[in-house]
Amino acid sequence: FPVTICAGSSKTLTVTGNIGTIQWQMSTTPATEGFENVVGATSTPYTFSNITQRTWFRVVATSGVCTATANSINALEITVNPLSVAGTVTGAGTVCSGGGATLRLAGNVGLIQWEYSTDGVDFVNVPTATSGSAPTFGTTSANGTSATYILTNVTSNTYFRAKVTSGACSSVYTTPVQMVIGDQAVAGTATAASSTICAASGTTISLTGNVGAIQWQRSTNWTAATPTWTAVSNATLPTLSTGNLTVSTAYRAVVT
């Protein structure tokens, strides 16, 4: 049966039941072809170092002055797995309480197992849509072993990472990412220094009591059934100077 190792690993092989001196041979083609002597490999057990590709090993035995040689009954196949590569997780960040996101892993080499932690230290396997549960989030994912993992109803700050394992190689872990619960947006109250002005003059509008990032908008048809609101360029501060106005204009702040 083949033996599986990680790329670059060593393997100690032993031959038993032989008669005579031995010479280890190796081949990187199918087991009946291309065998060549391994220099210095004349003992058992013998350790082969830094194996990087699929390789077959066998022993040739010679008894005393006899000219005939005998090959080992079977050639042992060593299968090599590539090194595990963790890759990079995207999709984390700030969400409102009860919100969701999709985590994605790219650039990995090996099988995936998503893990989560509430303290960034102790990680456990994530639940699936049909089994297990987590105290700080839900999921609609059928498993925790795909390149994507869907989060729902995130209610508290939570860390996530992916454990990646390539065959017989040691597991590696992605850098943890965090889902952070952000504050709910609060619109606040806008007040104008003057709500009635002369044509070709302006006023200043201030926003207080808001929570979140600001984007000011204006409209000249705000009384219509479907008014048109346009973002004011570079207007993201709590105080807005309207500049000189020639028509009645309404202003509002969109807070996120």
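This report walks through the strands, the nonpolar cores and the side-chain pairs of one structure.

First, some ground rules. What you're looking at is a predicted model, in which local features need pLDDT of at least 70, side-chain atom pairs count only at pLDDT 80 or more, and totals for chains, interfaces and linings use all residues. Residues are numbered from 1 along each chain as its sequence is written, and side-chain values use heavy atoms, with hydrogens and water left out.

**Strands and a sheet**

Let's start with the backbone. Strands here are DSSP runs of E with at least two residues, numbered from the N terminus, and two strands pair if DSSP finds at least two bridges between them. One open sheet is built from four strands in the order β9-β11-β15-β14, with antiparallel pairing. The edges belong to β9 (88-90) and β14 (138-139); each has a single partner strand, so one side of each has no neighbour in the sheet. For β14, two bridges make the antiparallel link to β15 (residues 148-154), and G138 has T152 of β15 as its bridge partner.

Now take a look at β12. Six of its seven residues are buried, so the rest of the structure largely encloses β12. (Buried means under 20% relative accessible area, exposed means over 50%, and partly exposed is in between, using a 1.4 Å probe and protein chains only.) Seven bridges pair β12 with β16 in the antiparallel sense, and Y116 stands opposite F160 of β16. On top of that, β12 runs antiparallel to β13, joined by two bridges; here E115 is matched with N125. The hairpin of β12 and β13 has six residues between the strands, and in this hairpin G120 takes a positive phi near 80 degrees.

**Cores and rings**

A nonpolar core is a set of buried Ala, Val, Leu, Ile, Met, Phe, Trp, Tyr and Cys residues joined through side-chain atoms within 4.5 Å. As a general rule, nonpolar side chains in soluble globular proteins tend to be buried together. The largest core here has 19 residues, and W114, F137, L151, F160 and M179 have the most contacts inside it. At least two residues of this core come from each of β11 (99-106), β12 (111-117), β15, β16 (158-165) and β18 (177-182). There's also a second, separate core of 13 residues, which includes L13, W24, F48 and I78.

Contact means heavy atoms within 4.5 Å. Leaving out residues up to four places away in sequence, M179 touches a list of residues that includes G91, V95, L103, L151 and F160.

What about the rings? Rings of Phe, Tyr and Trp (its six-membered ring) pair if their centres lie within 6.5 Å; planes under 30 degrees apart count as stacked, over 60 as edge-to-face and the rest as tilted. The structure holds seven aromatic pairs. In one of them, F137 and Y149 have ring centres 6.5 Å apart and planes at 85 degrees, so this pair is edge-to-face. F137 is in the loop between β13 (124-125) and β14 while Y149 is in β15, so the pair ties together parts twelve residues apart in sequence. F137 is buried at 6% relative accessibility, and Y149 is buried at 0%. Both belong to an aromatic cluster with W114, Y116 and F160.

**Charged side chains**

Side chains of opposite charge can pair when their charged atoms come close. A salt bridge is a side-chain nitrogen of Lys or Arg within 4 Å of a carboxyl oxygen of Asp or Glu, and a charge sits over a ring if NZ of Lys or CZ of Arg is within 6 Å of the ring centre and within 35 degrees of the ring normal.

| Pair | Kind | Distance |
|---|---|---|
| R54 and E77 | salt bridge | 2.6 Å, N to O |
| E115 and R161 | salt bridge | 2.7 Å, closest N and O atoms |
| R58 and F35 | charge over ring | 4.2 Å from the ring centre |
| R161 and F123 | charge over ring | 4.1 Å from the ring centre |

How many salt bridges does the structure hold? The count is two. R54 is in the loop between β5 (46-51) and β6 (55-62) and E77 is in β8 (residues 76-81), so their pair ties together parts 23 residues apart in sequence. R54 is partly exposed at 46%, whereas E77 is buried at 15%.

The E115 and R161 pair links β12 to β16, 46 residues apart. E115 is buried at 6%, and R161 is buried at 18%.
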